[in-house]
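Here are my notes on the model, in numbered points. Please read them with the structure open.

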Amino acid sequence: MRDRLALFLSLFNADFYSYGERVSLASYSYWGIGGEADSVVYPKNIIFLKKLILFLKKEMINYAIVGKSSNLLFDSDGYSGVLIDLTKLDYFFHNNNKVTVGGGFSVPWLNFKLSSRGLSGTEHTVGIPGTIGGLVFMNGGSNRKAIGDNVISTKCINPEGELINLLNDECKFAYRKSKMQDDGLIVVEVTLHLKKKKSILIKKEMLSILRERRAKFPLNKPSCGSVFKSDVRSYELLGPPGKIIEDLGLKGTVFGGIKVSNKHANFFVNMGGATSDDVIKLVEKIRALIFEKHHISINTEVKYLPKNGAVMQLSDYLDI
């Protein structure tokens with residue numbers, strides 16, 4: 001596999017940032033968990049990314065698409081395949097109230113650039129440490145807001161390696177959902193619509209959001225952020241996932257090296273030496289207790305990359 005991939009990459013030296021073998025996934029993971037990936041490639045442009053995906057599919061080589069990996073659990077046994085890291089797909093174009101950015105563009109950095117130009121609308125995402133492609137893929141946000149409200153259009157690569165364009169209504173945005181999730185699309189470019197506002201007011205709001213996050217969340221410990229999704233039904237009946245877990249008396253619960261944070265129960269922190277199995281068993285235990293008491297099946301926001309599989313919701317993996 002390595003020889004075939006190295007030969008393919010030698011034809012496109014200007015189209016990718018770097019290539020590595022036997023790369024530590026723990027260094028990618030916000031949890032600090034993961035074995036080694038066979039290979040990692042950083043594409044610089046969409047055309048090369050398409051060619052790379054088609055090559056890997058033709059050669060029947062496993063691959064997984066990642067950005068900042070802020071909500072991804074890697075297997076402690078590693079990954080048998082090629083990790084395609086989109087964080088170098090990070091171009092930025094600004095035209096009046098619209099911006100077009102590569103799918104690998106950092107969300108916090110995007111908010112800084114927008115605020116400096118007096119463009120408002122995405123402030124609620126300032127504390128989310130992911131890429132814009134990943135954020136749009138999951139229609140992420142905070143304070144009950146979602147990035148989909150600002151999306152004009154996206155460019156995506158489908159499972160067949162074709163580049164497709166989707167307008168906002170074609171993206172089928174719902175709470176933490178999108179067509180991109182349902183159809184397995186890779187978001188490689190996003191165009192956003194924003195509103196004019198004084199830079200100083202935008203920055204003031206973002207600083208307030210960041211202060212609130214620091215006070216509320218255990219940001220000084222390795223974690224993936226929110227573990228469980230706050231779906232509409234469970235939220236209306238029982239409140240957000242953190243409250244549900246806390247009401248069960250599970251704050252501070254420890255399994256191996258992973259712990260339910262005492263600060264916010266929907267954050268699981270790595271206390272040192274945690275494995276993917278520790279996380280999986282703790283999530284499984286909490287889901288079972290919630291179902292036993294409330295007859296609600298709570299799903300995860302965190303995704304999982306098995307050693308020989310594809311990226312999927314951790315709750316889907318547990319339901320298999």
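1. Which residue is the bridge partner of V40 in β5? It is L83. Keep in mind throughout that this is a predicted model. The V40 pairing belongs to a parallel arrangement: strand β2, residues 36-43, is joined to β5 by four bridges.

2. Strand β5 has a second partner. Strand β3, residues 63-66, pairs with β5 over four bridges, again in the parallel sense. Within that pairing, Y63 stands opposite V82 of β5.

3. Is β5 mostly covered or mostly open? Mostly covered: the strand spans residues 79-85, and six of its seven residues are buried.

4. Look next at S39. This residue sits in strand β2. Its relative accessibility is 0%, so S39 counts as buried, the cut-off being under 20%. Leaving aside residues up to four places away in sequence, S39 touches M1, L5, Y19, G20, E21, G81, V82 and L83. Two of the residues named above reappear in that list: V82, the residue opposite Y63, and L83, the bridge partner of V40.

5. Helix α6 passes a simple length check. The helix has 18 residues, 199-216. At 1.5 Å a residue it should span 26 Å, and its end C-alpha atoms are 26 Å apart, so the two values agree. The expected span takes 1.5 Å times one less than the number of residues.

6. Which residues of α6 are buried? They are I202, M206, I209 and R213. These four cover an arc of only 60 degrees around the axis, which puts them on the same side of α6. On the other side, I200, K204 and A215 are exposed. The cover over the buried residues includes α3 (107-116) and β8 (119-120).

7. Now the rings. The structure holds 10 aromatic pairs. One of them is F12 with F48, a tilted pair at 5.7 Å centre to centre and 55 degrees between the planes. F12 lies in the loop between α1 (2-9) and β1 (16-24), while F48 lies in helix α2 (residues 46-58), so the pair ties together parts that are 36 residues apart in sequence. How accessible are the two partners? F12 has 15% relative accessibility and so counts as buried. F48 is also buried, with a relative accessible area of 1%.

8. A further aromatic pair is Y304 with Y317. This one is edge-to-face, with 4.7 Å centre to centre and 65 degrees between the planes. Y304 lies in strand β16 (residues 303-305) and Y317 in helix α10 (residues 314-319), so the pair ties together parts that are 13 residues apart in sequence. Y304 counts as buried, at 2% relative accessibility. Y317 counts as partly exposed, at 32%.

9. Which residues share a cluster with F12 and F48? F8 and F55 do: F8, F12, F48 and F55 form one aromatic cluster.

10. One charge-over-ring contact is worth displaying. K113 lies over the face of F92, at 4.7 Å from the ring centre. By its number, K113 falls in α3 (107-116), which is part of the cover over the buried residues of α6.

Note on methods:
Residues are numbered from 1 along each chain as its sequence is written. This is a predicted model: local features need pLDDT of at least 70, side-chain atom pairs count only at pLDDT 80 or more; totals for chains, interfaces and linings use all residues. Side-chain values use heavy atoms; hydrogens and water are left out. Buried means under 20% relative accessible area, exposed over 50%, partly exposed in between (1.4 Å probe, protein chains only). Two strands pair if DSSP finds at least two bridges between them. Contact means heavy atoms within 4.5 Å. The arc is that of the directions from the helix axis to the C-beta atoms. Rings of Phe, Tyr and Trp (its six-membered ring) pair if their centres lie within 6.5 Å; planes under 30 degrees apart count as stacked, over 60 as edge-to-face and the rest as tilted. A charge sits over a ring if NZ of Lys or CZ of Arg is within 6 Å of the ring centre and within 35 degrees of the ring normal.
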